[in-house]
Amino acid sequence: MAKASKGVNYNAPGRAHREGVTLVELAERFPTEEAAREWFEAVIWPNGERCCTRCGSLDTVEAKHKTMPYRCRDCRRYFSAKMGTALEGSKVTYKQWVYAIYLSLTNLKGVSSLKIRRDLGVSQPTAWFIMHRLREACGYTPEEFDGPVEVDETHIGGLKPNMPLRKRRKVAGRGPAGKTVVIGAKDRATNRVSAKVIERKDAPTLQGFVESHRKRGAKVYTDEWASYKGLENHEVVKHSVREYVNGQAHTNGMESFWGMLKRGYHGVFHYMSPRHLHRYVNEYAGKHNIRDMDTLDQMQDTVARLVGKRLLWRDLTAKEAA
């Protein structure tokens, strides 16, 4: 039985008071591929016991293998810290993954695959794949909030901006036509956000979302959209008559979150495919929920969430069924 490398102590006293990590500090902390690998292993195996990522055995040894540095004596197979995570099968180095995670977290409005390509020295498709793997790690997990809870929807995407206005109206009409609906909930007590893409704005969908994101009896605030009618312990703010605050009733917290998402849409990505929009939404919600953590703690949290997630290139690029 062998223990994993201890690596560097990233929880040393004094770090909790740091506001963040600069690129210079990041380069000093991860000067080599070995340092980056040891950090990943320390996160994947936090108790210091290296275990086989295939069968879970602790009876492992170091091995001379090009990509798999360890071998399990029980299942007799080679493995690495990437196995069983969203990084499995990736030829991108640990050091490049460290920088990709750092850039993703420190660019609050998002970072494009073109910038990742330039900064990491990889191809654009590889950079695009890297970012979607990190978004996949965020995932969507409904949280039951104590409340009060703000719930709101927004519309993302739509018609091509260069299409003549007359043609746009002929093709899809006005308003949110051609856009994808995203709904979100924000807990005022903790400021945590949970958001997801939905297909329609009918009562079963919206009220089902509300009930899955609040504890029984928790206060909920929404706009006056008819599909919310019938909710218990529910107050409304009437946006249609330019009412944005009515006592404690408002959805300004969720709208602030939508503002960040849309600034990323218009200012960084310029387009988010409806097929992949849920991953972008997960990314923004995930970053929002850990924004008060130290940068290295955010990075560590991200790596931990990569465990058990897998996104294959063929699935990411598969065409939608007709």
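How many disulfides does a search of the whole structure find? The search, carried out on a predicted model, finds zero. Cys55 takes part in no disulfide, and the nearest cysteine sulfur, that of Cys72, lies 3.6 Å away. Seen from Cys72, the closest cysteine sulfur is the one in Cys55, and the separation of 3.6 Å is too far for a bond. A pair of cysteine sulfur atoms has to be within 2.5 Å to be counted as a disulfide, so the pair formed by Cys55 and Cys72, at 3.6 Å, is not counted. In general terms, a disulfide is a covalent bond between the sulfur atoms of two cysteines. The surroundings of the two residues were also assessed. Cys55 is partly exposed, with a relative accessible area of 43%, whereas Cys72 is buried, at 0% relative accessibility.

The protein chain has 322 residues, of which 43% are buried. Its secondary structure comprises eleven helices and eight strands. Among the contacts in the chain with a separation of 6 or more, 65% are between residues 24 or more positions apart.

Helix α5 (residues 124-138) was examined through its packing against α4, α9 and α10. The axes of helix α4 (residues 113-120) and α5 come within 8 Å of each other and cross at roughly 110°. The two helices are therefore roughly perpendicular, and α4 passes α5 in a right-handed crossing. On the α4 side the contact is made by Ser113, Leu114, Ile116, Arg117 and Leu120, and on the α5 side by Gln124, Ala127, Trp128, Ile130 and Met131. By class, these residues are seven nonpolar, two polar and one charged.

With helix α9 (residues 277-289), the axis of α5 comes within 8 Å and the crossing angle is roughly 65°. This crossing, of α5 past α9, is left-handed. Trp128, His132, Arg135, Glu136 and Cys138 are the α5 residues of the contact, and Arg279, Tyr280, Asn282, Glu283 and Gly286 are those of α9. The contact of α5 with α9 contains three nonpolar, three polar and four charged residues. Trp128 of α5 is listed both in the contact with α4 and in the contact with α9.

The third packing partner considered is helix α10 (residues 295-306), which packs with α5 at an angle of about 85°, the axes being 8 Å apart. The pair α5 and α10 is therefore roughly perpendicular. Arg133, Leu134, Ala137 and Cys138 in α5 meet Thr302, Arg305 and Leu306 in α10. Four of the residues of this contact are nonpolar, one is polar and two are charged. Cys138 belongs to the contact of α5 with α10 and also to that of α5 with α9.

Two individual helix residues were considered in more detail. Glu283 is placed in helix α9 and counts as buried, at 2% relative accessibility. Leaving aside residues up to four places away in sequence, Glu283 touches Ser104, Gly110, Arg135 and Cys138. Arg135 and Cys138 are among the α5 residues that make the contact with α9. Glu283 and His132 are separated by 151 residues in sequence, while their C-alpha atoms are 9.1 Å apart in space.

Phe209 lies in helix α7 (residues 203-212). Phe209 is buried, with a relative accessible area of 4%. With residues up to four places away in sequence not counted, Phe209 touches Tyr140, Val151, Ile183, Gly184, Ala185, Ser194 and Lys196. Of these, Val151 is 58 residues from Phe209 along the chain, and the C-alpha atoms of the two are separated by 9.0 Å.

Backbone geometry was considered next. Most residues other than glycine have a negative phi, and most peptide bonds are trans. Asn191 is not a glycine, yet has a positive phi of about 65°. Asn191 lies in the loop between β5 (179-187) and β6 (193-198) and is partly exposed, with a relative accessible area of 32%. His270 likewise has a positive phi, near 70°, in a residue other than glycine. His270 is found in the loop between α8 (252-269) and α9. With a relative accessible area of 55%, His270 is exposed.

Conventions:
Residues are numbered from 1 along each chain as its sequence is written. This is a predicted model: local features need pLDDT of at least 70, side-chain atom pairs count only at pLDDT 80 or more; totals for chains, interfaces and linings use all residues. Side-chain values use heavy atoms; hydrogens and water are left out. Axes are lines fitted to C-alpha atoms, for helices over the stretch in contact, and angles run from 0 to 180 degrees between N-to-C directions. Helices (H or I, at least four residues) and strands (E, at least two) are DSSP runs, numbered from the N terminus. A crossing is left-handed if the near helix is turned anticlockwise from the far one by less than a right angle, and right-handed if clockwise. Contact means heavy atoms within 4.5 Å. Ala, Val, Leu, Ile, Met, Phe, Trp, Tyr, Cys and Pro count as nonpolar, Asp, Glu, Lys and Arg as charged, and the others, Gly among them, as polar. Angles under 35 degrees count as roughly parallel, over 145 as roughly antiparallel, 65 to 115 as roughly perpendicular and the rest as oblique. Buried means under 20% relative accessible area, exposed over 50%, partly exposed in between (1.4 Å probe, protein chains only).
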